[in-house]
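Student: Hi! Could we go through this structure together?
Tutor: Happy to. Have a look first, then ask away.

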Amino acid sequence: MNADRLARLYRWVEYAAFGRTLERCRFERLGELAEARRVLVLGEGDGRFVNRLVRENGAARVVIMESSTRMVRVAKQRLGATERVEWRMGDVLAAAWPEGPFDAVVTHFFLDCFREEEARQVVRQASERLTPGGLWVVSEFCEPEAGCRRLHARAWLGVMYLFFRWTTGLRTNRLPDWRGLLERAGFRCVARRQWRWGLVASEVWRRGKTEESREGSRML
Ligand SMILES: C[S@@+](CC[C@H](N)C(=O)[O-])C[C@H]1O[C@@H](n2cnc3c(N)ncnc32)[C@H](O)[C@@H]1O
C-alpha cells in the first residue's frame with residue numbers, strides 16, 4: 001500500500017464518508033494512555049492522533065512506524081518541532097522494528113491494511129515489544145456476525161477496499177480476524193465502544209502477565 005496520493009486529502013475523504021466518527025474513535029482512548037511513557041504507533045497517517053497524544057500526555061515518548069513519505073510530511077507539519085516523537089520510515093513487514101519495551105501499542109485503522117498472515121506478523125512483532133500488562137489501543141472496522149448490521153458493514157467494507165485498492169494499490173480485500181489474532185497473542189479486550197451499527201470499534205486490549213500469554217505468543 002502506498003498512501004502518498006491520499007495524504008493531503010485523507011482527512012477530507014474520511015469526513016465525507018464518516019463525518020467525525022473515525023475521529024471520535026481515534027481519540028476515545030487518550031485517557032487510557034495518560035500514564036504511558038513509551039508508545040509505539042503503527043501507521044499513524046496524517047498526524048491527527050499523535051498530535052493530540054503528545055499534547056494530552058506531556059511525558060510520553062512516541063515511536064511511529066509509517067511507510068508513506070507524504071503522510072509523514074503532513075503529520076510533521078501538523079505536529080511542529082518536538083523531540084518526543086521518533087519517526088521510523090518503512091514497511092512494518094520488512095523494516096527493522098524499534099527496541100522495546102513499550103507501555104502501549106496503538107493501531108488506528110491499520111490492521112485492516114493486511115492479509116491475515118501479515119497481520120499475524122504485525123501482532124507478533126508488536127506484542128514482543130510490549131511490557132507485560134501493556135495496552136494495545138485499536139480503532140478498527142468490524143464485520144458484525146449477522147443480520148442487517150452485517151450487510152451494512154459488508155457494503156461499506158466492499159466500497160472502502162475498492163477505494164483503497166484504486167488510490168493506494170492495497171492488495172487485500174477483506175478484514176483480517178484482528179480480534180482473534182490479539183486473543184491468540186495473549187491479549188484480552190478490556191474496553192469496547194462501537195459506532196455505525198458495529199462497523200467501527202474503539203477497543204483496549206491488555207496483554208496478560210501470565211504463562212497463558214507466553215503460550216499465546218508461541219502459538220502465533
Ligand atoms: C488507512 S490509513 C490509517 C491512518 C491513521 N492511522 C488513521 O487513523 O486514519 C493506514 C496508514 O498505515 C500506513 N501503512 C499501511 N501499510 C503499512 C505498512 N506495511 N507499513 C507501515 N505503514 C503502513 C499507511 O501509509 C497509512 O498512513
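Tutor: One term before we start: a polar contact is a pair of N or O atoms within 3.5 Å, and within protein one of them must be able to donate a hydrogen and the other to accept it. An example is the side chain of Thr82, where a polar atom lies 3.0 Å from the backbone nitrogen of Arg84. Bear in mind that this is a predicted model.

Student: Okay, where is Thr82?
Tutor: Thr82 sits in the loop between α4 (69-79) and β3 (85-89).

Student: Is Thr82 buried, exposed or partly exposed?
Tutor: Thr82 is partly exposed, because its relative accessibility is 31%, and the partly exposed class runs between 20% and 50%.

Student: And how far is Thr82 from Val54 in space?
Tutor: Their C-alpha atoms are 9.1 Å apart, with the two positions 28 residues apart in sequence terms.

Student: Let's zoom out. How many helices and strands does the protein chain have?
Tutor: The protein chain has eight helices and seven strands.

Student: What about the radius of gyration?
Tutor: The protein chain has 16 Å, and a compact globule with 220 residues would be near 17 Å, so the two agree. Along the principal axes, the C-alpha trace spans about 40 × 40 × 30 Å.

Student: What share of the residues is buried?
Tutor: Buried residues are 52% of the 220 in the protein chain. As for the accessible surface, it comes to about 10,900 Å², and carbon and sulfur atoms hold 49% of that.

Student: How much of the contact set links residues 24 or more positions apart?
Tutor: Taking contacts with a separation of 6 or more, 69% join residues 24 or more positions apart.

Student: How many positive and negative side chains are there?
Tutor: There are 40 positive and 29 negative side chains, and the centres of these two sets lie 4 Å apart.

Student: Speaking of charges, what does the side chain of Arg26 join up with in a polar contact?
Tutor: The side chain of Glu14, at 2.6 Å. Arg26 belongs to helix α2 (residues 21-27), and it counts as buried because its relative accessible area is 6%, where the cut-off is under 20%.

Student: Which other residues does Arg26 touch?
Tutor: Leaving aside neighbours within four places in sequence, Arg26 has contacts that include Tyr10, Arg48, Phe49, His108, Phe109 and Ser139.

Student: Phe109 came up there. What is notable about its phi?
Tutor: Phe109 has a positive phi, near 50°, and it is a residue other than glycine. Phe109 lies in the loop between β4 and α5 (116-128), and its 9% relative accessibility is why it counts as buried.

Student: What about the phi of Arg196?
Tutor: That phi is positive too, about 50°, although Arg196 is not a glycine. Arg196 is in the loop between β6 (187-195) and β7 (200-207). With a relative accessible area of 31%, Arg196 is partly exposed.

Student: While we're on backbone geometry, which peptide bond is cis?
Tutor: The one from Gly100 to Pro101, with omega near 0°. Pro101 is in the loop between β3 and β4 (102-108).

Student: New topic: where does Thr172 sit, and what does its side chain reach?
Tutor: Thr172 is in the loop between α6 (147-168) and α7 (178-184). Its side chain reaches the backbone oxygen of Arg174 at 3.4 Å. Thr172 is buried, at 6% relative accessible area, and among the residues it touches further along the sequence than four places are Asp112, Phe114 and Tyr161.

Student: How about Ala60, buried or exposed?
Tutor: Buried, with a relative accessible area of 0%. Ala60 is in the loop between α3 (48-56) and β2 (61-66). Beyond four places in sequence, Ala60 touches Ala36, Arg37 and Arg84. That brings us back to Arg84, whose backbone nitrogen pairs with the Thr82 side chain.

Student: Last one: which residues does Leu130 touch?
Tutor: Not counting residues up to four places away, Leu130 touches Phe102, Asp103, Ala104, Val105, Leu135, Phe187 and Arg207. Leu130 is in strand β5 (residues 130-141) and counts as buried at 3% relative accessibility.

Methods: Residues are numbered from 1 along each chain as its sequence is written. This is a predicted model: local features need pLDDT of at least 70, side-chain atom pairs count only at pLDDT 80 or more; totals for chains, interfaces and linings use all residues. Side-chain values use heavy atoms; hydrogens and water are left out. Helices (H or I, at least four residues) and strands (E, at least two) are DSSP runs, numbered from the N terminus. The radius of gyration is taken over C-alpha atoms; the globule rule is 2.2 Å times the number of residues to the power 0.38. Buried means under 20% relative accessible area, exposed over 50%, partly exposed in between (1.4 Å probe, protein chains only). Contact means heavy atoms within 4.5 Å. Accessible areas come from the Shrake-Rupley method with a 1.4 Å probe; for residues, only the protein chains shown count as cover. Lys and Arg count as positive and Asp and Glu as negative; His and the chain ends are not counted. The place of a charge is taken as NZ of Lys, CZ of Arg, CG of Asp or CD of Glu.
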